[in-house]
Amino acid sequence: MLDLRGKLRVGLVFGGRSGEHEVSVVSARSVARCLDPAKYDIVAMAIDRQGMWAAADVAQRILEESGDRADEVLAFSGEHRLDPRLLAGDVDVVMPILHGPFGEDGTIQGLCEMLDLPYTGCGVAASAVTMDKVLTKRLLRDAGLPVVPFVVVTREQWSGSLPQARGELSLPLFVKPARLGSSVGVSKVKSWEAVSPALELAFRFDDVVVVERGVPAREIEVAVLEGDPPVVSLPGEVVPGHEFYDYADKYLDNACKLLAPAPLSEEQVARVRELALEAFRACGCDAMARVDFLLDRESGVFYVNELNSIPGFTPISMYPRLLGLTGVPYPELLDRLIGLARSRHQKRRILAAAALQPLAERAASHS
Ligand SMILES: Nc1ncnc2c1ncn2[C@@H]1O[C@H](COP(=O)(O)OP(=O)(O)O)[C@@H](O)[C@H]1O
Ligand SMILES: [Mg+2]
């Protein structure tokens with residue numbers, strides 16, 4: 001519902017119970033600056049590191065503080081198990097700008113569905129799938145898309161050694177928790193002796209671990225935005241400053257370089273854009289995702305590495321930058337995400353009503 005001035009109330013949700021809490025705050029500040037004040041009233045909603053929702057004035061203050069770096073974000077404490085304004089339906093659309101578990105993974109999307117509120121970004125299933133590296137790889141593989149060879153190890157199966165992988169994989173390996181992000185718990189392994197400690201580390205963060213072939217790779221990223229037709233951006237490239245794109249590289253020391261656009265041939269650009277849209281569809285995405293690739297320097301193959309359903313939205317983040325390069329400026333990107341949220345909500349209402357119709361008819365014929 002519009003307020004008296006015709007503005008939409010956007011519940012901007014940020015912070016959260018994940019390793020990317022601070023990045024989320026920085027992303028949300030950037031979103032808040034780019035939401036057109038003539039069209040939107042921002043309702044700040046902040047979740048602390050323990051999962052508690054902050055009071056309205058605290059959330060507002062956190063959002064308004066300056067600081068575009070993760071290490072400039074101050075800690076805060078929440079006081080509600082759920083923001084009362086959400087429960088009361090006091091927003092017109094929810095915009096979760098949360099990265100990682102408890103936000104990017106279908107949880108807040110499910111909450112919004114239960115509250116019957118429109119929300120930006122992918123739906124429940126695609127959010128959950130893209131957070132899970134194993135489910136993602138299986139869906140991509142099923143769609144015939146190139147993924148690096150991998151084996152899955154569950155805590156129950158793990159006996160301290162990895163005999164099955166020796167036949168299927170060759171060194172170096174990458175060992176990763178299935179459902180995390182920001183490279184936490186990810187190791188590059190160069191000898192079979194180092195596999196056990198890497199698995200132990202990954203099992204600290206998840207019950208399911210992926211072991212995959214390490215590719216001598218360039219890291220290429222493509223932004224996809226739903227629409228008719230969908231926007232598939234020019235590719236960008238991350239040049240890690242460390243041995244791989246690890247946590248320090250992403251958030252601490254700025255040693256990595258982001259190239260937008262990526263220096264690729266015309267054919268490579270066409271190929272990776274095509275793969276990005278196929279990967280987006282294969283995972284059931286219906287709003288936005290950043291699709292990350294590993295481009296094998298030796299074979300030239302583009303492997304789909306992962307999809308991020310709520311990519312970074314900081315001023316230097318790849319997702320908004322790549323869309324900007326491709327003709328969708330940041331404020332328009334936000335308008336489009338909000339428009340998609342509202343139209344999906346409308347469609348789901350119509351479908352839900354249609355599903356109830358036969359029941360109503362049956363009830364009427366029985367009375
Ligand atoms: N199979 C691989 N071959 C080479 N590098 C890899 C591979 N898998 C991951 N990496 C490196 O590790 C980083 C983090 O892995 P990624 O799968 O993207 O996990 P996260 O969800 O934590 O970002 C990647 O950006 C890349 O630098
Ligand atoms: Mg990644």
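Mentor: Before we start, a ground rule: two strands pair if DSSP finds at least two bridges between them. And keep in mind that this is a predicted model.

Trainee: Got it. In what order do the three strands of the open sheet lie?

Mentor: Start from the edges: strand 2 (40-47) and strand 3 (93-96) each pair on one side only. The pairing in this open sheet is parallel, and the order is 2-1-3.

Trainee: How many bridges join strand 1 and strand 2?

Mentor: Take one of the residue pairs as a way in: Gly 11 has Val 43 in strand 2 as its bridge partner. Strand 1 covers residues 8-15, and its parallel pairing with strand 2 runs over eight bridges.

Trainee: At about what angle does helix 1 run to strand 1?

Mentor: Helix 1 spans residues 21-34 and lies across strand 1, strand 2 and strand 3. Against strand 1, its angle is about 155 degrees.

Trainee: Over to the ligand. Which classes make up the shell around ligand 1, and with how many residues each?

Mentor: The shell holds 20 residues, with Phe 174, Ser 183, Val 215, Phe 244 and Tyr 245 the closest. Strand 5 (173-177) and strand 7 (208-213) are among the elements that give two or more residues to it. Sorted by class, the shell comes out as nine nonpolar, five polar and six charged.

Trainee: Between which domains does ligand 1 lie, and why?

Mentor: Look at who supplies the shell: residues come from both 130-146 + 216-325 and 150-213. Because both of those domains contribute, ligand 1 lies between domain 2 and domain 3.

Note on methods:
Residues are numbered from 1 along each chain as its sequence is written. Chains are lettered from A and ligands numbered from 1 in the order in which they are written. This is a predicted model: local features need pLDDT of at least 70, side-chain atom pairs count only at pLDDT 80 or more; totals for chains, interfaces and linings use all residues. Helices (H or I, at least four residues) and strands (E, at least two) are DSSP runs, numbered from the N terminus. Two residues are in contact if their C-beta atoms, placed from the backbone, lie within 7 Å. Axes are lines fitted to C-alpha atoms, for helices over the stretch in contact, and angles run from 0 to 180 degrees between N-to-C directions. A residue is near a molecule or strand if its C-beta atom, placed from the backbone, lies within 6 Å of it. Ala, Val, Leu, Ile, Met, Phe, Trp, Tyr, Cys and Pro count as nonpolar, Asp, Glu, Lys and Arg as charged, and the others, Gly among them, as polar. Domain bounds come from an automatic or database domain assignment.
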